[in-house]
Amino acid sequence: MADSHLNAAYRPLHVPPHPMAGPGYGKRSASGQRPHTATDFAHLPLREAAIAAYIDRLPDGSDISVKTLAKVLPYGQCALRTALNALQRAGHLRRGSEHLIGADSARWVTRTWFSRTAREDSWWAAFTTGGVPEDAPPARRPSRSRAFILLAALGRTAPSLSLSAADCAALEPLAAVWFDRGATEPEMLYALTAGLPTPVHRASSLVRRRLTDKLPPERAPQVPPAPRPALRVLECGKCGAPGRPEALPGGACAECRGVAAPRPAALPPAHVRARAAEARAAAARPPERTRA
């Protein structure tokens with residue numbers, strides 16, 4: 001039953017791809033989400049679950065405004081606006097702005113962040129300050145090391161230095177030291193292939209000798225600058241008013257939640273009468289004239 005409602009929001013195969021927003025706008029996936037499962041949105045009402053499942057499948061940059069969603073989903077704009085607000089209260093959605101710094105300019109862009117994993121208000125507050133790490137694709141470990149690959153390719157630069165797999169494995173630790181000391185592939189290739197004798201009787205012995213004798217000195221490590229956290233501001237999902245994360249529980253401001261703002265403390269009556277008397281006295285006092 002639930003699966004049928006979730007699939008109701010999926011586009012048929014013959015429908016054109018979902019529209020993309022302008023560059024820099026549209027859907028943005030939040031970081032640290034768990035892998036997709038069939039029960040990701042089972043805690044939501046059926047309509048909200050269907051809409052959330054559809055948005056979750058869209059790529060980043062997709063236009064998920066109410067007007068665009070109404071053109072591709074079987075719901076009206078009013079129903080979609082209500083559903084998006086419900087996703088916001090459930091911790092799946094936040095609206096706001098992000099400060100982007102480019103090569104020659106800086107600008108604020110509107111953001112709509114979506115998280116398959118429901119988040120607490122405290123998580124979204126940390127997200128606005130960069131306290132939550134962004135997702136990074138897992139690094140793929142090569143089957144061979146950088147040093148082994150360079151040694152195996154020596155024969156392409158100098159055919160007389162063609163090495164066997166056993167030679168590359170034996171010389172790999174020596175070549176790895178070069179990379180540990182900051183050497184680059186072109187530097188190593190030049191050191192190993194420049195001024196070769198003719199003929200080369202034992203390529204592995206010559207390469208071993210050059211890797212040992214021409215080993216560069218250790219270089220001071222270069223510490224990359226720490227990345228600046230993204231500057232983000234959350235906004236009320238109903239009226240769009242910006243505010244601090246703690247003032248927007250569930251993504252809505254106090255006024256939109258129907259919470260009355262605290263009134264300022266009233267002044268004592270005696271204090272009010274004294275200030276009024278001072279104002280009347282100042283108004284009745286004739287202006288002072290200055291002599292030329």
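This passage describes a pocket, three helices, a hairpin and a set of aromatic contacts in one chain. The model is predicted.

The largest pocket holds about 380 Å³ of space. Its lining comprises 21 residues. Ile64, Ser65, Val66, Arg95 and Thr112 lie nearest the pocket centre. Three elements each give two or more residues to this lining: helix H4 (77-89), strand E2 (93-101) and strand E3 (106-114). By class, the lining of the largest pocket splits into seven nonpolar, eight polar and six charged residues.

Aromatic contacts were examined next. Five aromatic pairs were found. One of them joins Phe41 and Phe114. The ring centres of Phe41 and Phe114 lie 6.3 Å apart, and the planes meet at 50 degrees, a tilted arrangement. This pair links distant parts of the chain, with the two positions 73 residues apart in numbering. Phe41 sits in the loop between strand E1 (27-29) and helix H2 (46-57), whereas Phe114 belongs to strand E3. Phe41 has 6% relative accessibility and therefore counts as buried, the cut-off being under 20%. Phe114, at 0% relative accessibility, also counts as buried.

A second pair is formed by Trp123 and Phe127. The centres of these rings are 5.4 Å apart and the planes lie at 10 degrees; the pair is stacked because planes under 30 degrees apart meet that criterion. Trp123 and Phe127 are four residues apart in helix H5, so about one helical turn separates them. An α-helix has 3.6 residues a turn, so residues three or four places apart point the same way. Both Trp123 and Phe127 are buried. Ring pairs also build a cluster from Trp113, Trp123, Trp124 and Phe127.

Helix H5 spans residues 121-128. Its buried residues are Trp123, Trp124, Phe127 and Thr128. Viewed down the axis of H5, these buried residues fall within an arc of 140 degrees, so they line one face of the helix. Gly130, just after H5, takes a positive phi of about 80 degrees.

Helix H10 (residues 203-213) was treated in the same way. Ala203, Ser204, Leu206, Val207, Arg210 and Leu211 are buried there. These residues cover an arc of only 165 degrees around the axis, which puts them on the same side of H10. Arg209 and Asp213 are exposed, on the face of H10 turned away from the buried side.

Helix H8 (residues 165-180) contains Val177. This residue has 29% relative accessibility and so counts as partly exposed. Val177 and Glu218 are 41 residues apart along the chain. Their C-alpha atoms are separated by 9.6 Å.

The final element pair is a hairpin. Strand E4 (residues 231-235) and strand E5 (residues 242-243) run antiparallel and are joined by two bridges. Six residues lie between E4 and E5 in the hairpin. Gly240, in the turn, has a positive phi of about 80 degrees. Leu234 has Gly243 of E5 as its bridge partner. Strand E4 has two faces. Arg232 and Leu234 form the covered face of E4, while Leu231, Val233 and Glu235 form the uncovered one.

Technical notes: Residues are numbered from 1 along each chain as its sequence is written. This is a predicted model: local features need pLDDT of at least 70, side-chain atom pairs count only at pLDDT 80 or more; totals for chains, interfaces and linings use all residues. Side-chain values use heavy atoms; hydrogens and water are left out. On a 1 Å grid over the protein atoms alone, a cavity is a set of points where a 1.4 Å probe fits but cannot get out, and a pocket is an open set with protein on both sides within 12 Å along at least five of seven lines; lining residues have an atom within 4 Å of a point. Grid points are joined across faces, edges and corners, and a volume is the space filled by probe spheres set on the points. Ala, Val, Leu, Ile, Met, Phe, Trp, Tyr, Cys and Pro count as nonpolar, Asp, Glu, Lys and Arg as charged, and the others, Gly among them, as polar. Buried means under 20% relative accessible area, exposed over 50%, partly exposed in between (1.4 Å probe, protein chains only). Two strands pair if DSSP finds at least two bridges between them. The arc is that of the directions from the helix axis to the C-beta atoms. Rings of Phe, Tyr and Trp (its six-membered ring) pair if their centres lie within 6.5 Å; planes under 30 degrees apart count as stacked, over 60 as edge-to-face and the rest as tilted.
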